[in-house]
Amino acid sequence: MSTTFASFGLAEPILRAVDELGYREPTPIQAQAIPIVMQGRDVMGAAQTGTGKTAGFALPILQRLMPHANASASPARHPVRALILAPTRELADQIHENVREYAKHTGLRSAVVFGGVDIRPQVAALRHGCEVLIATPGRLLDHMGQKTVSLAQAEILVLDEADRMLDMGFLPDIQRIIHALPERRQNLMFSATFSGEIRKLAEAFLNDPVLVEVARRNATADNVEQIVYRVADLESKRAAVAKLVRERQLSQVIVFTNTKIGAGRLARQLERDGLNAAAIHGDKTQQERLATLEAFKKGEIVVLVATDVAARGLDIVELPAVINYDLPYSAEDYVHRIGRTGRAGASGLALSLMVDNDERLLVEIEKLIKRKLPPERLDVGPAQERPRRERRDDEPAARGRASSSRRGDSAAERGGSPRRRRPEGEPAASRAAGYSRDPFFFEPYEPRPAEEGAAAAAPETPERAQGSARRPRRPVAALLGGGGRKS
Ligand code: AMP
C-alpha cells in the first residue's frame, strides 16, 4: 500500500496546500523523511534537488511549527524558528517559493535573504517577522553583523546541498552561524554526495541522526542516455550544439560551459544562429538570472547556457536534455549536470562534446560513473557551422540591439511576470508556441564590460557567484582536520 500525505498526520492547512499543488503521493525521500522530522529527530539525507527533498523537510518543519502559528501583527510574535541554509541564490529562492506555497494556509511566515541584491528589502522582511528563514550563508552573516536578524529562538536548522556548500568554501560561515544558534535544536542535513568531509560535518553537528536516502538517480541512472561526441576542434563546438538542438528537436536544454565568458559568448552565437538562447552565470544580476530562468521554464528560451555554479539547484522539472559544451574539470560536476535531466522517472538525454585534448577529463568521468562512454565522431560541415538565420514570422525585418533601457524593461524589473508552472502533461514544446515574447530575451545578449574582462575567462568561483565581497577562506580540509579535496 502506498503512503499518502494524509497518513503522516500533517495539519489540515498543510495538507490543503499540498493538495492544491497537485502532489498526489509522497516521493520516496518524503515518505522516509517526513515522519522522522516530525518526531524531532536529526536527519542526514542523501538526496539531491529534484527528488522532492524540499517538501521532505519543509512540510514536517511547518508541522512542528504549527503550535507557534498566530495572526498577530507584532513581529515579536514571529521570531525565526527554522533556518534553512542553501549554497546559491537560486536554490534559496526556490526553497522559499516552495515554503511559501506549503505555508500559505498556516499563518506561518517565511522570508529569504541572499547576496547580490539590495539588502534593504530583506531588512524590511526580517523586521516584519518570519518563522522560517531561508538564507545563503554570506548574506545571513551580513544581517547578523548588522543585527537585522535574531536567531535566538531558532529551534530547527537545515543545511541543504551541504556538499555544495563545502565545495564553495562556506564551512567557516556555517560554523559561525551554528555558533549563534541555541544549542538545543533539531538539525537536518542534505547532501547529494558523501565525501569524508561531509561525514565529518555530519558527525560534528548532527545528534544521533537517522540516515534517509533515495537511490542516486544520476551516475547509474538507466533513464539518462549519455553520448559523448568528439568534434574536430574548439571552433566546431558551437555549430555542434546548434546541430544537436535542431536535429534532436530539443525543446528545452541546458548547455553547460566551464567559464562565464564562454557561456555569454555561446549564448550570443546561438542567438545569431537563430536559436532562442540566453546565458545564466554569476556575473548576471539577480533580476537577470531570475528573469532568464522564468523565461526558460516557460519555454520562451530553448537553450539556457549555464555555468555549474549558476545551474546548481535549479528546479526545472523534467528537463529533457543537457549538453556539456565543455567537459567539466571535475567529474562530480558531470554527475550533477546530467542529474538535471531524466528526473522523476522521465527519460533524459545527456550529450557531451569533447576535443582530443579532453581525453583525461573523459577518463575521470568514466572512472566516477563506472561506465565507458566511447566517443562518437560528430562532423559539423561548413553548412551547419553558420546556418543562415531565418527571420521568424513575428519578427521585424531589421532589429536593433538591446539597449540598456530595453533591458531595464525586462519582466523581472517590471516587478516580475506571474509565475506559471507547466500544467501537468503539457509538454515543453507546446508551451513554446503560445508564449508572450519579451524582447529582452530575443535580442543578442549584450555583455557588461566586466564580462569580457580577463577575470570572466576564469572558471566561475562561488564568491563571484554569490556576488558579495567575501572574507578570505580557509581550506575546508584544514577546518575539518582532514585531507580534503582540492578545489
Ligand atoms: P525538489 O527536489 O524539492 O527541488 O522538488 C522537485 C520538484 O518536484 C518541485 O517542483 C516540487 O514542487 C515537485 N514535487 C515535490 N514533491 C512532489 C510530490 N510529492 N508530487 C509531485 N511533485 C512534487
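Reader: Is the crossing of α10 and α11 left-handed or right-handed?

Author: The crossing of α10 and α11 is right-handed. This is a predicted model. Seen in projection, the near helix is turned clockwise from the far one, because that is what the term right-handed stands for here.

Reader: What makes α10 and α11 oblique to each other?

Author: Their axes cross at roughly 55° and come within 10 Å. Angles under 35 degrees count as roughly parallel, and 65 to 115 as roughly perpendicular. The value of roughly 55° falls in neither range, nor is it over 145, so the pair is oblique.

Reader: Which residues make the contact of α10 and α11?

Author: R238, V241 and A242 come from α10, and L266, Q269 and L270 from α11. By class, the contact holds 4 nonpolar residues, 1 polar and 1 charged. Arg counts as charged, so R238 is the charged one. Gln is among the others, so Q269 is the polar one.

Reader: Why is one side of β10 and of β14 left without a neighbour in the sheet?

Author: The open sheet has 7 strands, paired in parallel, in the order β10-β11-β9-β12-β13-β8-β14. β10 (277-280) and β14 (376-377) are at the edges with a single partner strand each, so one side of each has no neighbour in the sheet.

Reader: How do you know that β10 and β11 pair?

Author: Pairing needs at least two bridges. β10 and β11 (residues 303-306) have 4, in the parallel sense, so they qualify. A279 stands opposite V305, and I280 opposite A306.

Reader: What angle does α10 make with β13?

Author: About 160° between their directions. That is over 145, so the two run roughly antiparallel. α10 (residues 235-247) packs on the sheet and touches β8, β9, β11, β12 and β13. α14 (residues 331-338) packs on the sheet too, touching β8, β9, β12 and β13. Its direction makes about 155° with that of β12, so this pair is also roughly antiparallel.

Reader: Which way do A277, A278, A279 and I280 point from β10?

Author: A277 and A279 point one way, A278 and I280 the other. All are buried, so each has under 20% relative accessible area. In a regular strand the side chains alternate between the two faces of the sheet.

Reader: What makes α6 mostly covered?

Author: Of the 9 residues of α6 (137-145), 7 are buried. They are P137, G138, R139, L140, L141, H143 and M144. The cover includes β2, β3, α5, β4, α7 and α8. Just after α6, K147 takes a positive phi of about 55°.

Key
Residues are numbered from 1 along each chain as its sequence is written. This is a predicted model: local features need pLDDT of at least 70, side-chain atom pairs count only at pLDDT 80 or more; totals for chains, interfaces and linings use all residues. Side-chain values use heavy atoms; hydrogens and water are left out. Contact means heavy atoms within 4.5 Å. Axes are lines fitted to C-alpha atoms, for helices over the stretch in contact, and angles run from 0 to 180 degrees between N-to-C directions. Buried means under 20% relative accessible area, exposed over 50%, partly exposed in between (1.4 Å probe, protein chains only).
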